[in-house]
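Got the model open in your viewer? Here is a walk through it, stop by stop, with something to select at each one.

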Amino acid sequence: MHPYQDPTRPVGERVEDLLARMTPEEKAGQLFHSMLMMNPDGTPVTATDGSMLPLTTPELIADRGLTHFNLLGTHGAREMARWHNAIQEMAASTRLGIPVSLSTDPRHAFTDNVGTSFGSGAFSAWPEALGLAAVGDPELVFRFADTVRREYLSVGFRTALHPQIDLASEPRWSRQSGTFGSDAKLTAELVEAYVRGLQGDRLGTESVAAMVKHFPGGGPQKDGEDPHFPHGKEQVYPGGLRELHLEPFKAAIAAGCSQMMPYYGQPVGTDWEEVGFGFNKGVVTGLLREELGFTGVVCTDWGLLTDAVIFGEAHEARAWGVEHLSVAERAAKALDAGVDQFGGEQCPEVIVELMASGRIPEARVDDSVRRLLREKFLLGLFDERRYVDPDEAAETVGRADFTAAGAAAQRRSLTVLTDGPLPLTGRPRLYVENVDPAVAAAYGEVVADPAGADLAVLRLRTPYEERPNLFESLFHSGSLAFPAEELDRILGLLAAVPTVVCVNLERPAVLPEIAERAAALIADYGASDDALLDVAFGRAAAEGRLPFELPRSMTAVEASRPDVPNDTADPVFPHGHGLTL
């Protein structure tokens with residue numbers, strides 16, 4: 001037995017022993033945190049058509065030496081656990097047997113976007129982070145994160161690619177549903193509870209490491225466009241509130257978050273270098289490391305180095321501000337900036353060549369590998385936590401008490417904006433749209449025509465502009481106003497029958513006419529039909545308060561400053577609005 005394999009030795013000693021045994025190729029492999037897919041039966045993918053992932057699982061683990069992966073797709077708990085064990089066995093058969101660290105984007109709510117999060121599937125279903133913010137209760141966030149931790153542990157996820165603590169300061173930005181809204185103070189309070197729920201008081205064998213994102217705050221996007229795409233790369237601060245966006249990250253660091261992800265954005269018009277944050281030494285080393293004292297792992301957002309094919313369509317590397325550099329030059333600049341790991345990339349040969357040429361000293365790579373190995377040891381991946389029990393996973397994921405807690409949180413998060421006839425009584429004749437009639441039948445007599453209804457229940461989603469690119473179409477961007485034809489249809493229904501309208505706020509919808517004419521207006525951030533109807537009929541209490549303001553017009557949105565929260569003129573509903581029935 002080598003010292004690094006001896007669980008009785010101190011972690012620092014084990015790290016140094018293992019590091020001394022590693023080749024440049026094995027070190028380079030640790031600097032990449034790529035994606036994997038799995039077969040439905042829980043077996044690793046050994047063939048690929050290249051439409052999403054160019055390399056198979058054995059090629060990545062055995063041939064390229066990668067040991068950090070995030071899993072794509074929605075799967076059953078037992079199958080995920082079997083798959084996790086299979087790839088751990090694959091890793092155990094390599095020369096040094098370094099275990100895999102498995103990560104995931106959020107999996108406990110309703111948004112299903114392969115680039116940001118997955119629908120809950122087998123896991124307990126909770127409101128999106130915006131809904132947790134609408135409740136505003138740190139204890140609820142702690143219980144949520146602790147539930148996530150226990151469900152993740154059972155299937156082998158040891159790193160959460162969340163929480164996302166950007167401020168929702170630009171109403172058009174597509175990523176707001178994953179945030180805690182526009183309030184920096186509340187976000188700071190909630191992220192502390194979130195990190196504690198995932199990691200505990202300190203990182204250990206029962207922890208899930210929190211990769212907090214997106215440093216130094218991704219909300220101030222020019223025109224609200226998303227920096228996954230070249231037309232959204234610019235991040236601007238016309239209101240001078242750069243420091244405000246740092247407040248939640250200071251709280252996350254104080255809470256002991258294990259990892260940090262810089263954003264794609266390229267700051268424009270500041271004293272920072274105008275390059276994406278993952279390449280930005282003043283931000284990663286100067287601000288995050290030296291000024292704020294962060295000592296954990298820094299992992300870039302996905303796809304900064306190489307162009308990629310997603311859904312069969314070409315996407316350029318998100319190397320904003322350094323597009324002119326080669327892949328090797330980009331990697332060197334990011335390492336010089338202070339990052340430890342490249343998200344979504346799988347080219348360790350580039351790092352090997354940088355070391356061989358002397359452009360990047362091997363000692364610099366060692367610094368990052370130390371941080372990455374230390375976390376594996378602290379999480380118990382070399383020892384008792386290497387494998388999981390598929391039977392236990394099947395019993396834990398979606399457990400009845402977890403599911404009930406998520407359902408209760410959905411109800412609490414609903415935000416009553418206007419109450420009108422609420423709470424409803426009796427068993428009215430109900431006309432429903434975008435509501436399951438079988439669910440509605442438990443609350444009233446469902447009718448097929450609004451003319452025969454006492455009341456209508458209409459569920460809507462925040463409007464967005466269709467984008468032709470398949471991947472970009474998942475990021476709901478652009479106008480927040482209902483198109484004229486759709487608005488006319490909605491207002492026609494509201495004129496025909498008293499209507500309870502529930503709008504899903506993944507972004508702040510522009511809906512002054514709907515607010516004026518609906519019998520009652522409710523906001524949700526991910527909630528089932530029965531959660532909505534329970535609140536409407538007074539069977540559950542809604543506690544939500546708006547986590548951002550709802551603008552009156554797109555003109556007001558366009559005139560607002562992207563870095564200033566709640567900055568639109570004369571909003572229909574202000575931040576914090578919500579009624580108690």
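Start with the surface of the whole protein chain: the accessible area comes to about 20,300 Å², by the Shrake-Rupley method with a 1.4 Å probe, where for residues only the protein chains shown count as cover. Carbon and sulfur atoms own 51% of that surface. Before you go further, know that this is a predicted model, in which local features need pLDDT of at least 70 and side-chain atom pairs count only at pLDDT 80 or more, while totals for chains, interfaces and linings use all residues. Residues are numbered from 1 along each chain as its sequence is written, and side-chain values use heavy atoms, with hydrogens and water left out.

**The whole chain**

Switch to cartoon. You should find 19 helices and 18 strands in the protein chain; these are DSSP runs numbered from the N terminus, with helices being H or I of at least four residues and strands E of at least two. The radius of gyration is 24 Å, close to the 25 Å that the globule rule gives for 581 residues, so the chain is as compact as a globular protein of that length. That radius is taken over C-alpha atoms, and the rule is 2.2 Å times the number of residues to the power 0.38. Along the principal axes, the C-alpha atoms fill a box of roughly 75 × 55 × 45 Å.

Now colour by burial. Of the 581 residues, 61% count as buried, meaning under 20% relative accessible area; exposed is over 50% and partly exposed is in between, with a 1.4 Å probe and protein chains only. Take contacts (heavy atoms within 4.5 Å) between residues at least 6 apart in sequence: 75% of them join residues at least 24 apart.

For charges, select Lys and Arg as positive and Asp and Glu as negative, leaving out His and the chain ends. The mean positions of the 51 positive and 84 negative charges are 4 Å apart, placing each charge at NZ of Lys, CZ of Arg, CG of Asp or CD of Glu.

**Aromatic stops**

Rings of Phe, Tyr and Trp (its six-membered ring) pair if their centres lie within 6.5 Å; planes under 30 degrees apart count as stacked, over 60 as edge-to-face and the rest as tilted. By this rule there are 18 aromatic pairs. Select Phe144 and Tyr194: the ring centres are 5.8 Å apart and the planes sit at 75°, so this pair is edge-to-face. It links distant parts of the chain, with Phe144 in helix α6 (residues 138-155) and Tyr194 in helix α7 (residues 184-199), 50 residues apart. Phe144 is buried at 6% relative accessibility, and Tyr194 is buried with a relative accessible area of 6%.

Next, go to Trp173 and Tyr263, an edge-to-face pair with 6.1 Å centre to centre and 75° between the planes. Trp173 sits in the loop between β4 (157-160) and α7, and Tyr263 in the loop between β7 (259-262) and β8 (266-267), 90 residues apart. Both Trp173 and Tyr263 are buried.

Which residues form one aromatic cluster with Phe144 and Tyr194? Add Trp126 and Phe180 to your selection and you have it.

**Backbone oddities**

Most residues other than glycine have a negative phi, and most peptide bonds are trans. Zoom in on the bond from His162 to Pro163: it is cis, with omega near 15°. Pro163 is in the loop between β4 and α7. Another cis peptide bond joins Phe215 and Pro216, with omega about 0°, and Pro216 lies in the loop between β5 (209-215) and β6 (234-235).

Stay in the β5 to β6 loop for Asp223, a non-glycine with a positive phi of about 60°. Asp223 is partly exposed, at 42% relative accessible area. Then jump to Asp570, in the segment after α19 (554-559). Asp570 has a positive phi of about 50° although it is not a glycine, and is exposed at 52%.

**Two helices to finish**

Pick helix α10 (residues 327-337), whose buried residues are Arg330, Ala331, Ala332, Ala334, Leu335 and Ala337. Their cover includes α9 (281-291) and α12 (362-378). Gly338 follows α10, with a positive phi near 120°.

Last, select helix α18 (residues 529-536), where 7 of the 8 residues are buried, including Leu532, Leu533 and Val535. Among the elements covering them are α14 (400-413), β16 (455-461) and β17 (499-504). Just after α18, Gly538 takes a positive phi of about 75°.
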